[in-house]
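Open the model in a viewer and keep a selection tool at hand. The stops below say what to select and what can be found there.

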Amino acid sequence: LIKPDQNYRPHPSRAVYIDGVLDDQLLSRITPQILKHQSQNRNPITLYILNSPGGNVGIMQDILRLAQMPDQDATNPCRLITVVTTKAQSAAADLLSSGDYAIALPGSTLLYHGVRTPGLIPSLQPLTAERTSLLAHILRLTNDAYAMALARKAEQRFMLRFILLRHGFQKVRETSPGMSDLDCFLQLLSANLSSGARKVFKKAQERYVRYQPLFAKVISKTQGTRAPERRAKMEARIIKAIVDFEMTNSKNDPNWTFKDGGLTRLVEDFFLVSEYVEGEQSDRVRHWCLSLGKLSLTKEELAELNEIKDENARNEKLIEKVQPPVKPLVMFFVALCHALQEDDNELTATDSYWLGLIDEVMGNSSLLTPRWFAEYVEDPQPDTDEKEKDINEGAAHAAGA
Amino acid sequence: MDNLANDNERESPAQPKAANTGDKEFDEAVERVYRKYGSDLPAFVRDVQRDIQKSHSSSEVQRKVVRIND
């Protein structure tokens with residue numbers, strides 16, 4: 001049933017090891033190793049993170065860019081398998097989650113937090129109110145950008161958790177009737193988390209409560225405008241929708257103004273919503289619906305779907321059925337990735353699995369992984385085996401005769 | 001582990017392999033699972049777990065190592 005697939009298995013002979021701070025020295029040490037593996041063939045490269053407190057985010061991005069580089073003939077990049085053995089913190093945790101297939105050893109820990117860039121403050125210049133405020137603003141925007149990048153990279157992992165837990169929704173509804181799919185999912189997910197991880201999960205839920213009406217407002221104002229003449233036109237629609245939202249939201253606060261904090265919020269919301277809208281219009285979710293998404297349907301829904309003969313019409317129907325419960329899920333995951341950028345969030349390997357930050361906890365056969373799909377081979381039918389045996393025996397007889 | 005590394009270094013350059021991002025292969029793999037189990041994921045999970053238990057015998061582990069090197 002299981003046939004090992006190298007795309008999902010770490011391999012020490014094509015590996016690079018990261019230990020310590022992500023800095024120029026580390027980059028200089030591992031660059032020749034990565035280039036050597038890439039020049040040998042296009043098989044996957046394993047990036048082992050032994051024990052790293054993180055470091056320079058730019059270096060982390062350089063490592064990723066280098067490892068995922070095509071060759072001169074534009075052959076696809078080597079697949080990147082990332083494995084944490086002991087500790088991956090900050091930029092090292094982002095590096096781990098950025099792998100095409102991310103694995104954590106049991107007992108390892110991951111720490112996510114926001115960007116810290118002391119380098120932004122020119123050391124010889126004194127801090128002023130303007131500089132401090134600018135720095136805070138830049139850090140917030142940088143955090144948001146990293147949160148969205150993380151969400152883009154890891155959302156499919158989170159959606160697989162939804163499919164995995166979906167079969168328990170009925171049981172949740174027996175005790176709490178009327179709960180939405182997302183609520184059932186979040187309740188079941190939370191039960192699998194450690195107390196530490198539940199803190200960030202709670203923060204994500206609070207963020208989600210704020211995002212929900214904001215996104216709903218923006219989507220209602222931008223629907224039907226999938227391909228505007230200019231990108232700026234779409235952006236203008238988003239900004240107008242956010243202005244409307246913030247005005248409605250603050251109608252009971254006579255002191256609320258755009259000048260006094262409202263504009264900063266508007267800018268943050270704008271980046272958040274634009275990323276979300278772009279993600280929604282991209283093919284990522286659509287592709288997911290056609291692939292793993294169909295496993296989220298009930299037997300009745302599948303039967304209804306299979307009655308449609310035309311493949312294109314069937315696919316459209318499939319997307320129509322799968323997408324509605326997935327949309328709030330993606331929105332929640334965006335909230336979670338933002339929450340991970342607040343404070344320090346230390347997670348166990350199992351927490352990281354459930355939160356969609358990694359694909360597999362090494363050796364834990366109770367947690368479904370994408371590897372299981374990739375390595376699944378149907379067992380040969382006993383009848384066929386017998387037939388083959390008969391044929392072979394027959395052939396041997398004939399040869400002997 | 002040393003043996004694994006040596007074996008792999010010997011085979012490497014002679015077997016150039018194209019695109020290895022795995023997306024298309026993964027979609028096909030999901031399709032295979034879907035054809036057998038429909039949306040009954042718990043049944044798939046049970047079967048895989050059963051197979052993992054079976055493969056804990058040393059001969060099976062050996063077989064897997066050989067397959068990876070192939």
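Select A:D343 to begin. In this predicted model, A:D343 counts as exposed, because its relative accessibility is 54% and exposed means over 50%. The residue is in the loop between α12 and β6 (345–348) of chain A. Although A:D343 is not a glycine, its phi is positive, at about 55°.

Now go to A:S90, in the loop between β3 (80–89) and α3 (91–97) of chain A. A:S90 is not a glycine either, and its phi is positive at about 50°. Is A:S90 buried or exposed? With a relative accessible area of 16%, A:S90 is buried, because the limit for that class is under 20%.

Zoom out to the whole of chain A. The chain has 15 helices and seven strands. Of its 401 residues, 46% are buried. Among the contacts in chain A with a separation of 6 or more, 73% are between residues 24 or more positions apart. The exposed area of chain A is about 19,600 Å², of which carbon and sulfur atoms supply 52%.

Next, select helix α12 (residues 311–340) and helix α7 (residues 195–222) of chain A together. Which aromatic residues should be shown as side chains here? Show A:Y208 and A:F332, which form an edge-to-face pair with 5.8 Å between centres and 65° between the planes. A:Y208 belongs to α7 and A:F332 to α12, and the two residues are 124 residues apart, so the pair links distant parts of the chain. Both partners are buried: A:Y208 has a relative accessible area of 8%, and A:F332 has 0%.

Extend that selection to A:F158, A:F162, A:F169, A:F185, A:F201 and A:F333, which form one aromatic cluster with A:Y208 and A:F332. Over all chains, a search of the whole structure finds 19 aromatic pairs.

Two arginines that lie over tyrosine rings come next. Select A:R161 and A:Y353: A:R161 lies over the face of A:Y353, 3.7 Å from the ring centre. Then select A:R79 and A:Y8, where the charged end of A:R79 sits over the ring of A:Y8 at 4.5 Å from its centre.

Turn to the strands. Select β1 (residues 15–19) of chain A with β2(A); the two run parallel and are joined by five bridges. Within this pairing, A:Y17 stands opposite A:Y48 in β2(A). How many of the eight residues of strand β2 (residues 45–52) are buried? Six are, so β2 of chain A is largely enclosed by the rest of the structure.

Move on to helix α2 (residues 57–67) of chain A, where the buried residues are A:V57, A:I59, A:M60, A:I63, A:L64, A:L66 and A:A67. An α-helix has 3.6 residues a turn, so residues three or four places apart point the same way. At the N-terminal end of α2(A), look for the cap: A:N56 has a side-chain oxygen 2.7 Å from the backbone nitrogen of A:G58.

For the last stop, keep A:I59 selected and add A:Q25, which lies in helix α1 (residues 24–40) of chain A. The C-alpha atoms of A:Q25 and A:I59 are separated by 9.9 Å, with their positions 34 residues apart along the chain. A:I59 is among the buried residues of α2, whereas A:Q25 counts as exposed, at 65% relative accessibility.

Notes: Residues are numbered from 1 along each chain as its sequence is written. Chains are lettered from A and ligands numbered from 1 in the order in which they are written. This is a predicted model: local features need pLDDT of at least 70, side-chain atom pairs count only at pLDDT 80 or more; totals for chains, interfaces and linings use all residues. Side-chain values use heavy atoms; hydrogens and water are left out. Rings of Phe, Tyr and Trp (its six-membered ring) pair if their centres lie within 6.5 Å; planes under 30 degrees apart count as stacked, over 60 as edge-to-face and the rest as tilted. Helices (H or I, at least four residues) and strands (E, at least two) are DSSP runs, numbered from the N terminus. Buried means under 20% relative accessible area, exposed over 50%, partly exposed in between (1.4 Å probe, protein chains only). A charge sits over a ring if NZ of Lys or CZ of Arg is within 6 Å of the ring centre and within 35 degrees of the ring normal. A polar contact is a pair of N or O atoms within 3.5 Å; within protein, one must be able to donate a hydrogen and the other to accept it, and residues adjacent in sequence count only if both atoms are side-chain atoms. Contact means heavy atoms within 4.5 Å. Accessible areas come from the Shrake-Rupley method with a 1.4 Å probe; for residues, only the protein chains shown count as cover. Two strands pair if DSSP finds at least two bridges between them.
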